Amino acid sequence: MILVLLGPPGSGKGTQGALLKSKLGFEHISTGDMLRAEVAKKSHLGLKAEEYMKQGLLVPDDLIIAMIKNILSQAPHKNYVFDGFPRNVNQAEAFETMLNTMGLQVDKVFYFDLDDDVIIKRLSGRRVCPKCGATYNIYYQKPKNDTLCDNDNTPLIQRDDDKEEVIANRLRVYKEQTFPLIEYYKSKGKLFVVSANGTQEEVFEKLKSML
Ligand SMILES: [Zn+2]
């Protein structure tokens, strides 16, 4: 079975992918991790990808598709969950073509739906301890002492990525790319909408009931 997870930043789709792996034995494929692993292995494709990454360029779709094909061809009958890929309709079409050549297909696409105001609170409320890496949320998971880490009393920081003006931009880019993708999978009858409100466990239960 091949699943694809779609959802805005802050929707917890990465966490759900990790749960599918730990609880149900899926292979969890995040393209970011896959790229880093190929570069570290110095594989033929990894070295090619590194040339683009070094220049701050996006790794071309055909290179990413070739890496995915390598992974799938080693164990085509395992269950896979893709997280962060495909990102747009072009990638989805190329992915489909490649899968078809292997007699495979995307079986289900889960879209984690969350209102913009909740996304913004989840992301803009995030605070991180620069010393131990603990994360908090000033709306949902406050530290005991306002602005200090519970573990070591270090002042918490907000990552640049989580600042409100940056979040607004991330959301805009996400919507431009992802909405056509949602329509694409909907038209193929593969789209399942999961409300991403609630705890990780609650969302995972909903997801499991749709598998
Ligand atoms: Zn700390």
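Start your tour at Leu3 and Lys108: in strand S4, Lys108 is the bridge partner of Leu3. Keep in mind that you are looking at a predicted model. With that pair on screen, widen the selection to strand S1 (residues 2–6) and strand S4 (108–113). Four bridges join S1 to S4, and the two strands run parallel.

**Stop 1: the other side of S1**

Now add strand S3 (residues 80–83), which is joined to S1 by four bridges and also runs parallel to it. Two pairs are worth picking out here. Val4 stands opposite Phe82 in S3, and the bridge partner of Leu5 in S3 is Asp83.

Stay on S1 and show its side chains. In a regular strand, side chains alternate between the two faces of the sheet. Here, Ile2, Val4 and Leu6 point one way, while Leu3 and Leu5 point the other way. Is S1 enclosed or open to the outside? Five of its five residues are buried, so the strand is largely enclosed by the rest of the structure.

**Stop 2: the whole sheet**

Select the remaining strands of this sheet. In what order do the five strands lie? Reading across, you get S2-S3-S1-S4-S7, an open sheet with parallel pairing. Strand S2 (27–30) and S7 are at the edges with a single partner strand each, so each has one side without a neighbour in the sheet. Turn the view and look along the strands: neighbours are rotated by 25° against each other on average, ignoring direction.

**Stop 3: the nonpolar core**

Next, select Leu5, Val81, Phe82 and Phe110. These are the residues with the most contacts inside the largest nonpolar core, which has 36 residues. Strand S1 gives this core its largest share, five residues.

Click on Val81 and look around it. Setting aside neighbours within four places in sequence, its contacts are Leu3, Leu5, Gly17, Leu20, Phe26, His28 and Ile29.

**Stop 4: Tyr111 in S4**

Move along to Tyr111, which lies in strand S4. Is Tyr111 buried or exposed? Tyr111 is buried, because 21 other C-beta atoms lie within 10 Å, and the cut-off for buried is 20 or more. If you leave out residues up to four places away in sequence, Tyr111 touches Leu6, Gly7, Ile182, Leu191, Val193 and Val194. Try a distance too: Tyr111 and Ser195 are 84 residues apart in sequence, yet 8.3 Å apart in space, C-alpha to C-alpha.

**Stop 5: Phe192 in S7**

Now go to Phe192, found in strand S7. Phe192 is partly exposed, with 15 other C-beta atoms within 10 Å. Not counting residues up to four places away in sequence, Phe192 touches Lys108, Val109, Phe110 and Met210. You've met Lys108 already, as the partner of Leu3. Draw a line from Phe192 to Met210 as well: they are 18 residues apart in sequence and 7.7 Å apart in space, C-alpha to C-alpha.

**Stop 6: helix H8**

Select helix H8, residues 200–210. H8 packs on the sheet, touching S4 and S7, and its direction makes about 155° with that of S7. Which residues of H8 are buried? They are Val203, Phe204 and Leu207. These three cover an arc of only 100° around the axis, which puts them on the same side of H8. An α-helix has 3.6 residues a turn, so residues three or four places apart point the same way.

What lies over that buried side? The cover includes helix H1 (13–24), strand S4 and strand S7 (191–195). Spin H8 around to see its other face: turned away from the buried side are the exposed residues Glu201, Glu202, Glu205 and Ser209.

**Last stop: zoom out**

Show the whole protein as a cartoon. Its secondary structure comes to eight helices and seven strands. The radius of gyration is 18 Å, close to the 17 Å that the globule rule gives for 211 residues, so the protein is as compact as a globular protein of that length. Along the principal axes, the C-alpha atoms fill a box of roughly 55 × 40 × 35 Å.

Colour by burial to finish: buried residues make up 26% of the 211 residues. As for contacts between residues at least 6 apart in sequence, 65% join residues at least 24 apart.

Conventions: Residues are numbered from 1 along each chain as its sequence is written. This is a predicted model: local features need pLDDT of at least 70, side-chain atom pairs count only at pLDDT 80 or more; totals for chains, interfaces and linings use all residues. A residue is buried if 20 or more other C-beta atoms lie within 10 Å of its own, exposed if 12 or fewer, and partly exposed in between; C-beta atoms are placed from the backbone. The arc is that of the directions from the helix axis to the C-beta atoms. Two residues are in contact if their C-beta atoms, placed from the backbone, lie within 7 Å. A nonpolar core is a set of buried Ala, Val, Leu, Ile, Met, Phe, Trp, Tyr and Cys residues joined through C-beta atoms within 7 Å. The radius of gyration is taken over C-alpha atoms; the globule rule is 2.2 Å times the number of residues to the power 0.38. Two strands pair if DSSP finds at least two bridges between them. Axes are lines fitted to C-alpha atoms, for helices over the stretch in contact, and angles run from 0 to 180 degrees between N-to-C directions.
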